[in-house]
Amino acid sequence: WTVQKASSIDIVSISAARDFVSRGQNDILVIVNIKNSGQGDLKEISGVLLFKTATNQVVSTDYQVEAAVDNPTTLKGGLTTALNFNVEVGAEATNEIISLFSTISGKDLNSNKIVTGSSTAIKDSWTVQSVPSVNIKTIQTTPGSVNRGQQNISVTMSVENSGEADYTISD
């Protein structure tokens with residue numbers, strides 16, 4: 001037989017799909033890339049995301065996180081894989097820059113011992129903003145009065161967004 005170096009989880013990177021998120025926003029993709037630095041295979045891989053403020057206050061309860069159903073649950077020694085998580089930002093999430101960390105665990109296939117990797121230095125971040133709050137201030141037509149069936153009327157609208165997140169108006 002061959003004695004293998006036990007499996008070991010290294011978090012290579014954490015990447016959020018967005019730099020800015022809004023309270024109540026959902027389906028935000030976060031990808032955690034991991035490497036099995038050992039020779040033995042990993043099984044039963046699972047993970048969690050952790051969210052912290054600049055002062056290291058844990059605010060993970062501000063978020064609902066679901067691991068993708070097709071995330072790999074095994075990883076051969078020496079290989080790298082990605083774990084995907086979908087995140088929903090709570091309606092009352094802390095409004096500031098939030099750092100995203102991860103803890104990933106699994107079991108060494110040979111010894112059945114639990115193996116854990118945490119991202120203390122590897123992280124990503126996003127800024128939580130209040131949702132857009134759009135108000136129509138004025139609506140004006142040119143000419144000033146119009147009749148039913150009239151065409152080629154110019155309409156000008158003044159709109160204000162008192163929220164922090166951007167809002168796009170389209171035709």
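# Aromatic pairs, strands and burial

Mentor: In this predicted model, the count comes to three aromatic pairs, where rings of Phe, Tyr and Trp (its six-membered ring) pair if their centres lie within 6.5 Å, and planes under 30 degrees apart count as stacked, over 60 as edge-to-face and the rest as tilted. Residues are numbered from 1 along each chain as its sequence is written, and side-chain values use heavy atoms, with hydrogens and water left out. Local features need pLDDT of at least 70 and side-chain atom pairs count only at pLDDT 80 or more, whereas totals for chains, interfaces and linings use all residues.

Trainee: What makes phenylalanine 51 and tyrosine 63 a stacked aromatic pair?

Mentor: Their centres are 4.1 Å apart and their planes make 20°, so the distance is within 6.5 Å and the angle is under 30 degrees, as the rule for stacking asks. The pair joins distant parts of the chain, with phenylalanine 51 in strand β4 and tyrosine 63 in strand β5, 12 residues apart; strands are DSSP runs of E, at least two residues long, numbered from the N terminus.

Trainee: Why is phenylalanine 51 counted as buried?

Mentor: Its relative accessibility is 1%, and buried means under 20% relative accessible area, exposed over 50%, and partly exposed in between, with a 1.4 Å probe and protein chains only. Tyrosine 63, at 7%, is therefore buried as well.

Trainee: Why is the pair of phenylalanine 51 and tryptophan 126 called stacked?

Mentor: The ring centres lie 6.1 Å apart and the planes stand at 25°, so this pair too is stacked. Phenylalanine 51 in strand β4 and tryptophan 126 in strand β9 (residues 124-129) are 75 residues apart, and tryptophan 126, at 1% relative accessibility, is counted as buried. Ring pairs thus link Phe51, Tyr63 and Trp126 into a cluster.

Trainee: How do you know that leucine 79 is partly exposed?

Mentor: Its relative accessible area is 44%, which falls between the two cut-offs, so leucine 79 is neither buried nor exposed. Leucine 79 sits in the loop between β5 and β6, and its C-alpha is 5.7 Å from that of asparagine 36, although 43 residues separate the two in sequence. Leaving aside neighbours within four places in sequence, leucine 79 is in contact with Ile34, Lys35 and Asn36, contact being heavy atoms within 4.5 Å.

Trainee: What makes β1 and β5 edge strands of the sheet?

Mentor: Four strands form an open, antiparallel sheet in the order β1-β3-β6-β5, where two strands pair if DSSP finds at least two bridges between them. β1 (9-16) and β5 (63-67) each have a single partner strand, so one side of each is left without a neighbour in the sheet. Within this sheet, β3 (residues 28-36) and β6 (residues 80-89) pair over eight bridges, and isoleucine 31 has asparagine 84 in β6 as its bridge partner.

Trainee: How do you know that strand β7 and β8 pair?

Mentor: Strand β7 (residues 97-108) and β8 share five bridges in the antiparallel sense, and at least two are needed, so they pair. Serine 105 stands opposite threonine 116 in β8. The two strands form a hairpin with five residues between them, and asparagine 112 in the turn has a positive phi of about 70°. Along β8 (residues 114-118) the side chains alternate, with Val115 and Gly117 pointing to one face and buried, while Ile114, Thr116 and Ser118 point to the other and are not.
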